[in-house]
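Colleague: Please take me through the fold of one chain and a helix pair in another.

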Amino acid sequence: MQWGSWAEFWAMGGYGLYVWGSFAVTLVCMAGEMTSLVLNERAAQTRNGEQA
Amino acid sequence: MSLWTLIVQRDLRIAWRRRSDALSSLFFFIIVVSLFPLGVGPEPGTLRLMASGVLWVAALLATLLSLGRLFAADHLDGTLEQMLLAEEPLWLVVAAKVCAHWLTSGLPLVLLSPLMGLQFGLQAEEIAVLTGALLLGTPVLSLIGAIGAALTVGLRAGSVLLALLVLPLYIPVLVFGAAASGAHASGLAVTPHFSILGALLLASIALAPWTAALALRISME
Amino acid sequence: MSAINWFKYSSPHSFYPLAGRMVPWFLGAAALFGITGLYVAFFVAPTDFQQGESYRIIFIHVPAAWMSMFIYLVMAGWAGAGLVFNTRLSGMMARALAPTGAMFTFLALWTGALWGKPTWGTWWVWDARLTSELILLFLYIGFLSLTAAIEDDRRADRAGAVLALVGVVNIPIIYFSVVWWNTLHQGASVSLKSAPKMATTMLLGMLLLAVAFWLYSLAAAMLRVRSIIREREPRAAAED
């Protein structure tokens, strides 16, 4: 562990906005894409299940 | 009479009968170029810096506008299908059409560019570099554009889509073409940029007609 | 004669259930590598001597950039296979990969800008690497627009394939841009031939997240190709 405290972790040596701005947008994009794909898949399974 | 001459003459004749199409692209070029000094301000130093970039972008946009009519008329009256069915190689037919297209859209731009250069206060040598680069670059624009035109034949909203597809592919031509003028302005040699433009031209001549022919077959089946 | 008939899976009907079975494994593995990678990125890799903490963006930026190029190559590969062999599933795979590739290209550009501002003082510069990566984004968008604009699926696949293959020349340009031109973007730090020029822990974090992104892309592509199969060939998608 190299962070003195949680506050230091979030601050990222003053670069917090840039670092977390990067990681946050990445997370949002990937989670968003995967969620939409999985929801689509689940809906299809439900339709399939109802027909079978 | 060879197939090449036949098709080039035919397309030129058709373009002449519809002079307004070719002329409107040309006037579009002139108007767009003239807009920039009005928007940016008439300061001579700024204009001289901007000149090559503005002319190149305007040439790109004018070429894009004119690409729509490369295959559209033939598609509408069924000639395009006949071309696909004919025993003559389609890539040769496409190459001839692109040649005629450049003669009616690219070449006029090249011939007008010295005049446009004067509008921006360029000196003789700068105009020579710019015109030379456009002479090498505009055929590449027609050739690469033919691929995009072939992919979007008959689609609604095809012209906007065409722009979207073809502009990224135009960027290298734009970069090296404008860089030639930039190099000359900095006192550096222009030959490297002309060499690359020449290479792009040769590569497009070799690959684009065949690719556009493939794209036409895909679009027309 | 091989005992395994690999071409069995070139039919949408056979591939559909296989893709479905692979998804949870890919996602699980992606999560594993992702969490481990993030742990290394934040709690093992030390602070950079020159850049401070802002360098940690590299753990997203480089994997995203790698994926943006790699996915395009795979997409163009499937597109080419579809053109040459006239296989329906190849075209579907290319269409399935494109959105994820576009997303990673955007992320590479976004994280690059956020890294560039504090480190090199600018959000953007028109050098060879950044410009060619931007062109890559435009190429993805062009592919997605063209395939969306054509109603007939097979024609759309084939037209998109031509476009994708024409654009593939951009990938070596992006990759070698830092060698061929003087760019603001730094040169290659990781190479197959020589020792890496960065600390081992940093390299480890980057590689772990790159693998995580790769597995994520596989999961996304499998899910999306299933969705495409369901749209185009509903009977193939009906489970036996």
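Modeller: Two residues are in contact if their C-beta atoms, placed from the backbone, lie within 7 Å. The model is predicted, with local features needing pLDDT of at least 70, side-chain atom pairs pLDDT 80 or more, and totals for chains, interfaces and linings using all residues. Residues are numbered from 1 along each chain as its sequence is written, and chains are lettered from A and ligands numbered from 1 in the order in which they are written.

Colleague: Among contacts in chain B between residues at least 6 apart in sequence, what share joins residues at least 24 apart?

Modeller: Chain B has nine helices and zero strands, helices being DSSP runs of H or I of at least four residues and strands E runs of at least two, numbered from the N terminus. Among its contacts between residues at least 6 apart, the share joining residues at least 24 apart is 79%.

Colleague: What percentage of the residues of chain B count as buried?

Modeller: A residue is buried if 20 or more other C-beta atoms, placed from the backbone, lie within 10 Å of its own. Of the 221 residues of chain B, the buried share is 43%.

Colleague: How are H4(C) and H6(C) oriented to each other, parallel or antiparallel?

Modeller: The axes of H4 (residues 128-149) and H6 (residues 170-180) of chain C come within 8 Å and cross at roughly 170 degrees. Axes are lines fitted to C-alpha atoms over the stretch in contact, with angles from 0 to 180 degrees between N-to-C directions. Angles over 145 degrees count as roughly antiparallel. H4(C) and H6(C) are therefore roughly antiparallel.

Conventions: A residue is buried if 20 or more other C-beta atoms lie within 10 Å of its own, exposed if 12 or fewer, and partly exposed in between; C-beta atoms are placed from the backbone. Angles under 35 degrees count as roughly parallel, over 145 as roughly antiparallel, 65 to 115 as roughly perpendicular and the rest as oblique.
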